[in-house]
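Okay, thanks everyone for coming. Let me put the structure up, and then I'll talk you through it.

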Amino acid sequence: MVLRSSIYKKPAQLRSMVEPGLITADALDAVRSMIEPGVTTLELDAAASALISARGAKSNFQMVRGYRHTICASVNEQVVHGIPNDRPLRPGDILSIDAGAEFRGWNGDSAFTVIVPGDAPADLVAPRQRLSDVTAGSLWAGIAALSRATHLAEVGAAIEQYIQDNAPEGGYGILRDYVGHGIGRKMHESPSIFNYAVADRGPEVRPGLAVAIEPMVVIGDQETFTEDDGWTVSTVDGTAGSHWEHSVAVHDGGIWVLTAHDGGAEKLAPFGVVPKEID
Ligand code: MG
Ligand code: MG
């Protein structure tokens, strides 16, 4: 008989997820501070790897079968799962970095998007910056929704609504084939967290839930394909993509964003949500 573990974790288990969340946040901060024209994504990968090792943690991406890197680095029309390489970044590139750390058997998972600074045409940079801003905003709208939700599907509905309300005319595409997930002993656990409204209201939201929420949004059509490297997910129409992600715990006192140093306080304030530390 196979006993399926509950999607609801005990308080001590949620506490075990605080440190891997912070290590993940620090690894992404280390990468973020290095991003400038001329740097390669392999160099960013090495920095994330060094930080995670120095903290006594392991890269959970390296534990994914067949994947050898610490980060995913997706540039321009690549949306997610880009493999680090030796091509120097250029001003105006839109770059999404995804990474995670496993510490004492528990996982963190987070991603951000940035426009590579430097001299690039405004009509290239502005729409990419807006895409990243709206994608990030939709992540925080989803996390805010989680804090009030009775069922998990309310998160995806809030993400989609935020994108509809804030995208330029013509709208953005939201990837349908990739979704967020539960997180804990494994980086990827049940349940799935959709980035759009679905008919099924999903599992109950109550203390013990730990989820990685990760909207993947593109300027054009949501249709993607996997490149010949077997990993990189790119848009079919060639338009740019953005990916933002945080790991979030629902506990007795409220919610806490595990992969943000302030638990999400600053970004959740506009939504009237005050995160509570896990005690
Ligand atoms: Mg991730
Ligand atoms: Mg994830």
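I'll start with the metal sites, then go through the sheets and the helices that pack on them.

Quick housekeeping: this is a predicted model, where local features need pLDDT of at least 70, side-chain atom pairs count only at pLDDT 80 or more, and totals for chains, interfaces and linings use all residues. Residues are numbered from 1 along each chain as its sequence is written, chains are lettered from A and ligands numbered from 1 in the order in which they are written, and side-chain values use heavy atoms, with hydrogens and water left out.

So, the metals. Which protein residues hold the magnesium ion (ligand 1)? Its donors are D98, listed with two OD entries, D109 through OD and E245 through OE, lying 2.1 to 2.6 Å from the ion. By donors I mean N, O and S atoms within 2.8 Å of the metal (3.2 Å for Na, K and Ca), and water is not among the atoms, so sites may look incomplete. Along the chain, the spacing of these donor residues reads D-x10-D-x135-E. D98 sits in strand β4 (residues 94-99), while D109 is in the loop between β6 (106-107) and β7 (110-115), so this pair ties together parts that are 11 residues apart in sequence. When I say helix or strand, those are DSSP runs numbered from the N terminus: H or I with at least four residues for helices, E with at least two for strands.

Are those two aspartates buried or exposed? D98 is buried at a relative accessible area of 8%, and D109 is buried as well, at 1%. The cut-offs there: buried is under 20% relative accessible area, exposed is over 50%, and partly exposed is in between, with a 1.4 Å probe and protein chains only.

Now the magnesium ion (ligand 2). This one is coordinated by D109 (OD), H181 (NE2), E214 (OE) and E245 (OE), at 2.1 to 2.3 Å. Here the donor spacing is D-x71-H-x32-E-x30-E. Within that set, D109 in the β6-β7 loop and E214 in the loop between β11 (210-213) and β12 (216-218) are 105 residues apart, so to speak a link between distant parts of the chain. Both D109 and E214 are buried. And how far apart are the two magnesium ions? They are 3.2 Å apart, with D109 coordinating both.

On to the sheets. One is an open sheet of 3 strands, ordered β2-β4-β7, with antiparallel pairing. I count two strands as paired if DSSP finds at least two bridges between them. The edges are β2 (71-75) and β7, each with a single partner strand, so one side of each has no neighbour in the sheet. From one strand to the next, the twist averages 15 degrees. β2 and β4 pair over 5 bridges, and S74 has S96 in β4 as its bridge partner.

Helix α3 (residues 41-54) packs on this sheet, touching β2 and β4, and its direction makes about 155 degrees with that of β2. Contact here is heavy atoms within 4.5 Å; axes are lines fitted to C-alpha atoms, for helices over the stretch in contact, and angles run from 0 to 180 degrees between N-to-C directions. Helix α4 (residues 122-148) lies across β4 and β7, at about 160 degrees to β7.

Staying with α3: the buried residues are T41, L44, D45, A47, A48 and I52. Looking down the axis, they fall within an arc of 160 degrees, so they line one face of the helix; that arc is taken from the directions from the helix axis to the C-beta atoms. They pack against α2 (18-34), β1 (58-59), β2, β4 and β5 (101-103). Just after α3, G56 has a positive phi of about 75 degrees.

There's another open sheet of 3 strands, β1-β5-β6, again antiparallel. β1 and β5 pair over 2 bridges, with K58 opposite E102 in β5. α2 lies across β5 and β6, at about 145 degrees to β5.

Last stop: β9 (residues 180-182) and β10 (residues 189-193) pair antiparallel over 3 bridges, forming a hairpin with 6 residues between them. G180 stands opposite I193 in β10. That's my tour, thanks.
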